[in-house]
Amino acid sequence: MPLDPSLERLIRRLPKVELHLHIEGTLEPEMMFALAGKHGVALPYDSVEAVRRAYAFHDLQSFLDLYYAGCDVLRDRRDFYTLAMAYFARAHADNVVHAELFFDPQTHTARGIPLEVVFGGLRDAMEDAQRRYGLTSELILCFLRHLSEEDAFATLDAALPFRSEFIGVGLDSGERGNPPSKFERVFAKARDLGLRPVAHAGEEGPAAYIHEALDLLKVERIDHGVRCDEDPALVERLARDHIPLTVCPLSNLKLCVVKDLADHNFAALLRRGVAVTINSDDPAYFGGYIADNYRATAAATGLTAAELVTCAENAARASFLPTPARDGLLAQIRAEAARA
Ligand code: HPA
Ligand code: ZN
């Protein structure tokens, strides 16, 4: 279904907040080749087109295998800066005004890249994005759930010298067989340190993992969460307690969480009163940045102008922005909605 031009204009104009974006997932094939050349890394592809052709995933793990392999070209501080700056430029073009970025420190420390390099490069880009575009951002440190609790504790400890540089902790990687309960103690420690907790749950894993993330990790947002509808009492709980879901519709399509975007439960959850938001997850791998996700979801599920505005408001409210900035952003969203 083509998108109504007035909805297209509204989507372009709406000030957006991105809450589910893995910075390593913004590595476009062109940059992968450029960095591989810079560092003399051999890639198992002979062209950018061959890389793109390889992005035909059948589940989360088939994506993660390529995503972790791609990270190997990220070696020095400038690489992390270049990666993040390219994302910020692209996000600014989509009118993103605030972004809370996930990063996977274990993917880098396991290759011998010091945390100082990762934090340093990302921080340089975050400062430049604020100066150049007025785009504010925060970092959320994700633990890889396929690794051990002990490894997560060691990662948190190693990141403590950089405590002021990240706002929260998250949980990502292969979900099946790696329940939130595995990380209950490390999340307790992170919360004691004042870190804001979020977790991927209910992407490929069952609705029970969403309950665990809420009850055991005490998360403030659920990343993905689309399998919540297997448990009507959970959907009720999410709506009643205003627990935001950071949904990534094009990711769900590419990783075969849904067969067709028209089957996606995004609109149903929104209409049920769940605070759903639209995000891009790993846009270089899934074929679309945040505005593409807004457009595709609106076209496939029949979102109205008022519903699109609600999505943007949900994201502003679900952000970790201080209250004055959040209220200012909500006012901006309403002003754009009134103009459209
Ligand atoms: N799910 C789990 N882990 C991830 C993802 C995702 O969509 N993207 C990057 N790491
Ligand atoms: Zn994700």
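Which residue forms a salt bridge with Glu 149, and how far apart are the closest N and O atoms? Keep that in mind as you read; the reply comes in point 3. Here are my notes, in the order I would look at things on screen.

1. **Before you start.** Please remember that this is a predicted model. The distances and angles below are computed from its atoms, so treat them as a description of the model.

2. **The zinc site.** I would begin at the zinc ion (ligand 2), whose protein donors are His 20 (NE2), His 22 (NE2), His 200 (NE2) and Asp 281 (OD). These donors lie 2.1 to 2.2 Å from the ion. Along the chain they follow the spacing H-x1-H-x177-H-x80-D. His 200 sits in strand β5 (residues 196–201), while Asp 281 is in the loop between β8 (276–278) and α14 (283–286), so this pair links distant parts of the chain, 81 residues apart. His 200 counts as buried because its relative accessibility is 5%, and Asp 281 is buried too, at 2%. The angles among the four donor atoms run from 82 to 173 degrees, and the site is classed as irregular. For comparison, ideal angles for four tetrahedral donors are 109.5 degrees.

3. **The opening pair.** Back to the question: Glu 149 forms its salt bridge with Arg 185, and the closest N and O atoms are 2.7 Å apart. Glu 149 belongs to helix α8 and Arg 185 to helix α9 (residues 184–192), so the bridge ties together parts that are 36 residues apart in sequence. Arg 185 counts as exposed because its relative accessible area is 55%.

4. **Other salt bridges.** The structure holds 28 salt bridges. As background, side chains of opposite charge can pair when their charged atoms come close. One of the bridges joins Asp 124 and Arg 77, with 2.9 Å between the closest N and O atoms. Asp 124 is in helix α7 (residues 115–133) and Arg 77 in helix α5 (residues 77–93), so parts 47 residues apart in sequence are tied together. Both ends are partly exposed: Asp 124 at 24% relative accessibility and Arg 77 at 31%. Helix α7 also holds Arg 123, which meets Glu 165 in a salt bridge of 2.4 Å, N to O. Glu 165 lies in the loop between α8 (149–159) and β4 (168–172), so that pair spans 42 residues of sequence.

5. **A shared network.** Try selecting Glu 8, Arg 12, Arg 90, Asp 94, Asp 292 and Arg 295 together. Salt bridges that share partners join these residues into one network.

6. **Aromatic rings.** There are 14 aromatic pairs in the structure. In one of them, Phe 57 and Phe 63 meet edge-to-face, 5.5 Å centre to centre with 80 degrees between the planes. Both residues of this Phe 57 and Phe 63 pair are buried. They also belong to one aromatic cluster together with Tyr 55, Tyr 67, Tyr 68, Tyr 285 and Phe 286.

7. **Charges over rings.** Arg 221 lies over the face of Phe 320, 4.1 Å from the ring centre. The charged end of Arg 163 sits over the ring of Phe 166, at 5.9 Å from its centre.

8. **Cysteines.** How many disulfides does the structure hold? Zero. The sulfur of Cys 228 is 14 Å from the closest cysteine sulfur, in Cys 248, which is too far for a bond. Cys 228 is buried, at 0% relative accessibility. Cys 256 is in no disulfide either, as the nearest cysteine sulfur, again that of Cys 248, is 15 Å away. Cys 256 is partly exposed, at 46% relative accessibility.

How values were computed. Residues numbered from 1 in each chain as written. Chains lettered and ligands numbered in written order. Predicted model: local features only at pLDDT ≥ 70, side-chain atom pairs only at ≥ 80, totals over all residues. Heavy atoms only, no water. Disulfide = S-S within 2.5 Å. Buried < 20%, exposed > 50% of the residue type's maximum accessible area, 1.4 Å probe, protein only. Phe/Tyr/Trp six-rings, centres within 6.5 Å; stacked < 30°, edge-to-face > 60°. Lys NZ or Arg CZ within 6 Å of the ring centre and 35° of its normal. Salt bridge = Lys/Arg side-chain N within 4 Å of Asp/Glu carboxyl O. Helix = DSSP H or I, 4+ residues; strand = E, 2+ residues; numbered from the N terminus. Donors = N, O, S within 2.8 Å, 3.2 Å for Na, K, Ca; no water. Tetrahedral: all angles 85-135°; square planar, octahedral: opposite > 155°, others 65-115°.
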